Amino acid sequence: MNTPKIIDLAKEFTNRPFGRYRDDGERSAEIFRDDILRPALDEYDKVIVDLGGTNYYGSSFLEEVFGGLIRAGFKKEALLRKLEIRHEKLPSVVTESYDYMDAAASEAH
């Protein structure tokens with residue numbers, strides 16, 4: 001599909017993300033990544049993840065979502081074309097998220 005899919009994490013998932021793994025609870029990175037983000041990436045040409053609905057993201061949550069995409073088999077170059085991460089007030093959260101993809105890609109080589 002050509003229309004970008006916008007995922008507002010706070011509205012569509014939780015405004016209090018917590019944990020890395022599914023076993024950590026219903027607000028975990030693994031649930032967001034596998035149940036919401038990956039299906040959107042499979043269906044849409046462009047996916048925008050808006051992280052702006054909350055100002056707290058644990059590093060384990062961000063690493064598991066975005067680094068976890070690489071470990072799940074997505075290629076970094078393809079993700080960079082297809083995925084846009086936004087947070088209007090905290091650009092450092094966006095940078096950190098992309099850094100986790102870079103690190104996971106480096107570890108995969």
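# A walk from the aromatic cluster to the largest pocket

Four rings make a good starting point: Phe 13, Phe 32, Tyr 57 and Phe 61 come together in one aromatic cluster. Keep in mind as you look around that this is a predicted model.

How many aromatic pairs does a search of the whole structure find? The search turns up three. One of them joins Phe 13 to Phe 32, with ring centres 5.3 Å apart and 50 degrees between the planes, a tilted arrangement. This pair ties together distant parts of the chain, since Phe 13 sits in the loop between α1 (9-12) and α2 (29-43), while Phe 32 belongs to helix α2, 19 residues away. Phe 32 has a relative accessibility of 0%, and therefore counts as buried.

Two further residues help to fill in the surroundings of this cluster. Take Leu 9 to begin with, which you will find in helix α1. Is Leu 9 buried or exposed? Its relative accessibility is 0%, so Leu 9 counts as buried. Setting aside residues up to four places away in sequence, Leu 9 touches three members of the cluster, Phe 32, Tyr 57 and Phe 61, and its other contacts are Thr 14, Pro 17, Asp 50 and Leu 51. Leu 9 and Gly 53 are also worth locating on the model: they are 44 residues apart in sequence, with C-alpha atoms 6.9 Å apart in space.

The other residue is Ser 28, in the loop between α1 and α2. You might pause at a serine here, for Ser 28 is buried, with a relative accessible area of 0%. What is Ser 28 in contact with, leaving aside its neighbours within four places in sequence? Two of the partners are the cluster residues Phe 13 and Phe 61. The others are Phe 18, Gly 19, Arg 20, Tyr 21 and Arg 22.

Now let us move to strand β2 (residues 47-50), where Val 47 lies. Val 47 shows 0% relative accessibility, which means that this residue counts as buried. Beyond residues up to four places away in sequence, Val 47 touches Lys 5 and Ile 7, then Leu 37, Ala 40 and Leu 41, and finally Lys 82, Leu 83 and Glu 84. Thr 3 gives another view of how the chain comes back on itself in space: Val 47 and Thr 3 are 44 residues apart in sequence and 9.1 Å apart from C-alpha to C-alpha.

Next comes helix α5, which covers residues 91-108. With 18 residues, α5 spans 26 Å from its first C-alpha to its last, close to the 26 Å expected at 1.5 Å a residue. Its buried residues are Val 93, Val 94, Ser 97, Tyr 100, Met 101, Ala 104 and Ala 105. Why do these residues line one face of the helix? Looking down the axis of α5, you see the buried residues fall within an arc of 130 degrees, so they share one face. The background is simple: an α-helix has 3.6 residues a turn, so residues three or four places apart point the same way. The cover over the buried residues of α5 includes α3 (59-71), α4 (76-82) and β3 (83-86). Turn to the other side of α5, and you meet Pro 91, Ser 92, Ser 106 and Glu 107, which are exposed.

The end of α5 also leads us to the largest pocket, which has a volume of about 190 Å³. Its lining is made by Ile 70, Gly 73, Phe 74, Lys 75, Lys 76, Glu 77, Ala 105, Ser 106, Ala 108 and His 109. Which helix gives the most to this lining? That is α5, with three residues, and α4 and α5 each supply at least two.

Two of the lining residues deserve a closer look. Ala 108 lies in helix α5, and because its relative accessibility is 63%, Ala 108 counts as exposed. Ala 108 and Lys 75, another residue of the lining, are 33 residues apart in sequence and 10.0 Å apart in space, C-alpha to C-alpha. Phe 74, for its part, is found in the loop between α3 and α4. Not counting residues up to four places away in sequence, Phe 74 touches Arg 38, Leu 41, Asp 42, Leu 69 and Leu 79. Leu 41 is a residue we have already met, among the contacts of Val 47. As a last stop, find Ile 36: Phe 74 and Ile 36 are 38 residues apart in sequence and 15 Å apart in space, C-alpha to C-alpha.

Key. Residues are numbered from 1 along each chain as its sequence is written. This is a predicted model: local features need pLDDT of at least 70, side-chain atom pairs count only at pLDDT 80 or more; totals for chains, interfaces and linings use all residues. Side-chain values use heavy atoms; hydrogens and water are left out. Rings of Phe, Tyr and Trp (its six-membered ring) pair if their centres lie within 6.5 Å; planes under 30 degrees apart count as stacked, over 60 as edge-to-face and the rest as tilted. Helices (H or I, at least four residues) and strands (E, at least two) are DSSP runs, numbered from the N terminus. Buried means under 20% relative accessible area, exposed over 50%, partly exposed in between (1.4 Å probe, protein chains only). Contact means heavy atoms within 4.5 Å. The expected span of a helix is 1.5 Å times one less than its number of residues. The arc is that of the directions from the helix axis to the C-beta atoms. On a 1 Å grid over the protein atoms alone, a cavity is a set of points where a 1.4 Å probe fits but cannot get out, and a pocket is an open set with protein on both sides within 12 Å along at least five of seven lines; lining residues have an atom within 4 Å of a point. Grid points are joined across faces, edges and corners, and a volume is the space filled by probe spheres set on the points.
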